[in-house]
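Thanks for coming, everyone. Let me put the next model on the screen, and then we will walk through its contacts.

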Protein chains: 4
Amino acid sequence: MGKRKNSEKYHRIIEAATKIFADKGFYQTKISEIAREAGVADGTIYIYFENKDDILISLFEERMKEVLDNMREQVSKEGDPVKKLETFALAHLRLVEQNKSMAEIIQVELRQSSKFMKEYKNEQFLEYLELIAEIIRQGQRKGIFRKDIIPGVAKRAFFGALDEMSRFWVLSSRKQYDISTAARQISGYFLTGIKA
Amino acid sequence: MGKRKNSEKYHRIIEAATKIFADKGFYQTKISEIAREAGVADGTIYIYFENKDDILISLFEERMKEVLDNMREQVSKEGDPVKKLETFALAHLRLVEQNKSMAEIIQVELRQSSKFMKEYKNEQFLEYLELIAEIIRQGQRKGIFRKDIIPGVAKRAFFGALDEMSRFWVLSSRKQYDISTAARQISGYFLTGIKA
Amino acid sequence: MGKRKNSEKYHRIIEAATKIFADKGFYQTKISEIAREAGVADGTIYIYFENKDDILISLFEERMKEVLDNMREQVSKEGDPVKKLETFALAHLRLVEQNKSMAEIIQVELRQSSKFMKEYKNEQFLEYLELIAEIIRQGQRKGIFRKDIIPGVAKRAFFGALDEMSRFWVLSSRKQYDISTAARQISGYFLTGIKA
Amino acid sequence: MGKRKNSEKYHRIIEAATKIFADKGFYQTKISEIAREAGVADGTIYIYFENKDDILISLFEERMKEVLDNMREQVSKEGDPVKKLETFALAHLRLVEQNKSMAEIIQVELRQSSKFMKEYKNEQFLEYLELIAEIIRQGQRKGIFRKDIIPGVAKRAFFGALDEMSRFWVLSSRKQYDISTAARQISGYFLTGIKA
DNA sequence: TATGAATGAGAATTCATTCAT
DNA sequence: CATGAATGAATTCTCATTCAT
């Protein structure tokens, strides 16, 4: 029977879990809550998922692939590495804004939770980071970015800057600056900082 | 009963909890494991702490105060805002390097875990961030940093960059760059980016 | 709906259940396993059987009737009570040899399981035992067997001896003695013991 | 940790489990029933036992060792193999009479249940059987029992005869014959059957 | 203070059975 | 008749917390 990933219920459960995990955190979420939220019986969840962990992993992979593809596409539309990074920053923050729950889960449970960090090799996330490094390398080849920049450090600095910003967004209720302002600021000084 | 914070046992428990929380995560750590590691009985833990949550909070506050004081002192030694930020970056990463377990807990359990993020107003951490904002504002007043920089955004960008770097440090086993290189890079392009 | 006992599926399910119950035991067998083995859907089983218990009972009655009739016939062919008992012993062990799964179920689940022992009055099995008692009484009337033998005790002793032997057979992989040797031995000393 | 086999509670739990397993069977007994019967909390059971299986195994080993030692002693008091077997038969049936619950469990759950039969190498029971074989061999050496008797078959026949008898005892409510009569009958014709 | 055995609420998971298709 | 997805009651086991010693 496998996963029946096409099934409507599969998605209803993912949806419900996304919401509740984001709200209460993985460990504080009960299977029965997800079931109630999804409008199915507790047992039904186990038709679609191996166990509670599997819900989290599935939810992540399901969504992250989409995000990664989308980001790749947007970035590839631009030719200039500078524009690419600006696009990345804006798209990332927009994504977070539009998928608050998902963003919260990725930050809190998956990228951070020692359980998942250690057991689950988060390939997708690493690829996401690598997208940034690639842009930087490209800029270096073109002579736009300084040669002494270490892409492996810079990708983390850039991502970290955006990520901390989105954490603030995700967790605070009232936003003081709009997203594009923040994106522009961050890519702004980052770009100035790495330009040749 | 208050917190016999002077007691040697109190510290042994904090120490033990730091180690195990960092290793397995808050929810996957059993009180009995902390007790064993600390060389006390399970029940003894409840003489010094209200409950499991309280261990985590205490551990954090205990340590964070120290970190904050230390950072304030180091930063105040420098007069130049540029130097101050460079100092901050280096000191932060050094701290992480020297307190791997603690750093892991702050990242994974406290700054992230929705349980604590939402219930526990993390004053100390906000002050830590504010330290950066203050340096930036000072630099702006002195005309060293661009006026259009929003300190509230920049502090997060700077901290986020360092933080992502230290996450990498904390979680990866083999380090490719030494800490001061990373610190210099990060404060390097950040400073270039915000300079007038 | 009655039991469409003629249906091919009814027998396929009995067959499958016999195999799996013997292998894993009643409680550890899942309906879905029986269904898979029988090549039907889970729900189909409930068209032919009331519930899980009913499968076991049906399987037993179905088979036991056959065994009983067969044994009655074989025994009635002999006139001499001594020969009758020898025949019984050999036929019983042969039966076990040829129906390992069934024998296992009767021993383990039906004759033993307190659930079924207590709720299900096992008429067929009692008749099977009574067959032995009858032969003994006949022998006593003919003066061949000692009058002080209590048929109610002797039937159990004889059956028990054969049964323990077959349990050994059913559960051990390599047989050290062939069946007719064992049958001859057992009926041998039993007969000597009860002969006048 | 450990078994604390000396603990009074350990024995209260064993006692309770013996009673309820005998009454309802292993699979139909709930941990909470054992706990209630033993007058402890559910969780307490897990201080003394690994899991439900472990209760059954422990209960068996605890008791069987005692039985085995006791039987060995009684048998060794007699010099004559004939007397030894008579003693065995009587002692076995008396044991069953005095430990109805235990006897039921051994028969139903442990000697029979496919789960335990297959996973748990029942050494103690095999030794118990071997006790009979040893007496037979001894009798053969002394020329008292026929040389053509196969001890491996005869031990099972003898034990099986007693066992079937005790099953009857254990499971039927009104006893028609007293124990010593049955014991005498069984060892009676068995002995006649194997005597030289 | 310190102990650690005992507690029992709580939660994940299983699986016989049903029923809409 | 046949299906198999869905159900949800049932049950084992865990572990933070308590409290008598």
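Which helices each supply at least two residues of the surface near DNA strand E? Helix H3 (42–48) does so in chain A, in chain B, in chain C and in chain D. "Near" here means that a heavy atom of the residue lies within 4 Å of the strand. Helices are DSSP runs of H or I, at least four residues long, numbered from the N terminus.

Ground rules, quickly. This is a predicted model, where local features need pLDDT of at least 70 and side-chain atom pairs count only at pLDDT 80 or more, while totals for chains, interfaces and linings use all residues. Residues are numbered from 1 along each chain as its sequence is written, chains are lettered from A and ligands numbered from 1 in the order in which they are written, and side-chain values use heavy atoms, with hydrogens and water left out.

Back to the DNA. Strand E is surrounded by 31 residues. The closest are Tyr46(A), Thr44(B), Tyr48(B), Thr44(D) and Tyr48(D). H3(B) gives the largest share of this surface, five residues. By class, we have twelve nonpolar, ten polar and nine charged residues. For the classes, Ala, Val, Leu, Ile, Met, Phe, Trp, Tyr, Cys and Pro are nonpolar, Asp, Glu, Lys and Arg are charged, and the others, Gly among them, are polar.

What part of the strand faces the protein? Of the strand E atoms within 4 Å of the protein, 74% belong to sugar or phosphate, and the rest to bases. Look at the tyrosines. A polar side-chain atom of Tyr48(D) sits 2.4 Å from a phosphate oxygen of strand E. For Tyr46(A), the distance from a side-chain N or O atom to a phosphate oxygen is 2.7 Å. For Tyr46(C), it is 2.8 Å.

Now the protein pairs. Start with chain B and chain A. Here 46 residues of chain B contact 46 residues of chain A, contact meaning heavy atoms within 4.5 Å. About 3600 Å² is buried between them, and carbon and sulfur atoms give 61% of that. Buried area is the accessible area, with a 1.4 Å probe, that two parts lose on being put together, summed over both. Arg156(B), Glu164(B) and Tyr189(B) supply 19% of what chain B buries against chain A, more than any other three residues.

How many salt bridges cross the interface of chain B and chain A? Four. The rule wants a side-chain nitrogen of Lys or Arg within 4 Å of a carboxyl oxygen of Asp or Glu. Glu164(A) and Arg156(B) meet in a salt bridge, at 3.8 Å from N to O. On the chain B side, helices H1 (8–24), H6 (100–110), H7 (114–119), H9 (151–171) and H10 (179–194) each supply at least two residues. H9(B) gives the largest share, 14 residues.

Next, chain C and chain D. Chain C can be laid on chain D by a turn of 180° and a shift of 0.0 Å along the axis, with an RMSD of 0.1 Å. The fit is least squares on C-alpha atoms of residues with pLDDT of at least 70 in both copies. That is the relation of a two-fold axis. The same surface serves both copies, as 100% of the contact residues of chain C recur in chain D. Between chain C and chain D there are four salt bridges. Glu164(C) bridges to Arg156(D), with the closest N and O atoms 3.8 Å apart.

Last, the pairs that do not touch. Chain A and chain C share no contact, and their closest C-alpha atoms lie 13 Å apart. For chain B and chain C, also not touching, the nearest C-alpha atoms are 31 Å apart.

Terms used. A polar contact is a pair of N or O atoms within 3.5 Å; within protein, one must be able to donate a hydrogen and the other to accept it, and residues adjacent in sequence count only if both atoms are side-chain atoms.
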